[in-house]
Amino acid sequence: RAEIRAVFDAADEPFLEDYQLGTTTVAFYLPDRDVAITFDPRAYLRLADGPTHVVLCEHEVPGATIGRRLPFDLGVDASERAASAGPRGGRRCPRG
């Protein structure tokens, strides 16, 4: 999770953690893009046919690779900046 946070921070992409979509909690939610990221295959399957774009991540995969799975471009070097900078405070969205 820290690596994924660092990627979003480096790209200045607002995100929420442990976000509730209906009755399903996802690890990350990008509210400006309506993209959910989960590590839970059951959560992925519950949300896959809905309006939100859902990305299933495996715990073993480096967080810096998240940009390749998103339906938009995070920026050319967001993953590289995240890898070199490490986790920071970030641009988390306030809970609504």
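A residue is called buried when its relative accessible area is under 20%. Keep that cut-off in mind as you move through this predicted model.

**Stop 1: the aromatic rings**

Select phenylalanine 8 and phenylalanine 28: both are buried. Phenylalanine 8 belongs to helix α1 (residues 2–10), while phenylalanine 28 sits in strand β2 (residues 24–30), 20 residues further along, so show both elements to see how the pair links distant parts of the chain. The structure has four aromatic pairs, and this one is edge-to-face, with 6.0 Å between the ring centres and an angle of 75° between the planes. Now add Phe15 to the selection: ring pairs join Phe8, Phe15 and Phe28 in a cluster.

**Stop 2: arginines over rings**

Stay with phenylalanine 28 and bring up arginine 1, which lies over the face of that ring, 5.7 Å from its centre. Next, pick arginine 33 and phenylalanine 72. Here again an arginine lies over a ring face, with arginine 33 at 3.9 Å from the ring centre of phenylalanine 72.

**Stop 3: glutamate 17**

Move to strand β1 (residues 16–21) and select glutamate 17. Is this residue buried or exposed? Its relative accessible area is 13%, and because the cut-off for buried is under 20%, glutamate 17 counts as buried. Show the side chain of arginine 5 as well: a polar contact of 2.7 Å connects it to the side chain of glutamate 17.

**Stop 4: threonine 24**

Go back to strand β2 and click on threonine 24. With a relative accessibility of 3%, threonine 24 is buried, because that value is under 20%. Which residues does threonine 24 touch, leaving aside those up to four places away in sequence? They are Tyr19, Ala43, Arg46 and Leu47. Take a closer look at arginine 46: it is 22 residues from threonine 24 in sequence, yet the two C-alpha atoms are 7.7 Å apart in space. The side chains of threonine 24 and arginine 46 are also joined by a polar contact of 3.1 Å.

**Stop 5: a crossover**

Finish by switching to a cartoon view and colouring strand β3 (residues 35–38) and strand β4 (residues 53–56). These two strands pair in the parallel sense, over four bridges. To get from β3 to β4, the chain passes through helix α2 (residues 41–47), and this β-α-β crossover is right-handed. For a last detail, select valine 35 and look across to β4, where histidine 53 stands opposite.

Notes:
Residues are numbered from 1 along each chain as its sequence is written. This is a predicted model: local features need pLDDT of at least 70, side-chain atom pairs count only at pLDDT 80 or more; totals for chains, interfaces and linings use all residues. Side-chain values use heavy atoms; hydrogens and water are left out. Buried means under 20% relative accessible area, exposed over 50%, partly exposed in between (1.4 Å probe, protein chains only). A polar contact is a pair of N or O atoms within 3.5 Å; within protein, one must be able to donate a hydrogen and the other to accept it, and residues adjacent in sequence count only if both atoms are side-chain atoms. Rings of Phe, Tyr and Trp (its six-membered ring) pair if their centres lie within 6.5 Å; planes under 30 degrees apart count as stacked, over 60 as edge-to-face and the rest as tilted. A charge sits over a ring if NZ of Lys or CZ of Arg is within 6 Å of the ring centre and within 35 degrees of the ring normal. Two strands pair if DSSP finds at least two bridges between them. A crossover is right-handed if, with the strands pointing away from the viewer, the path from the first strand over the helix to the second runs clockwise. Contact means heavy atoms within 4.5 Å.
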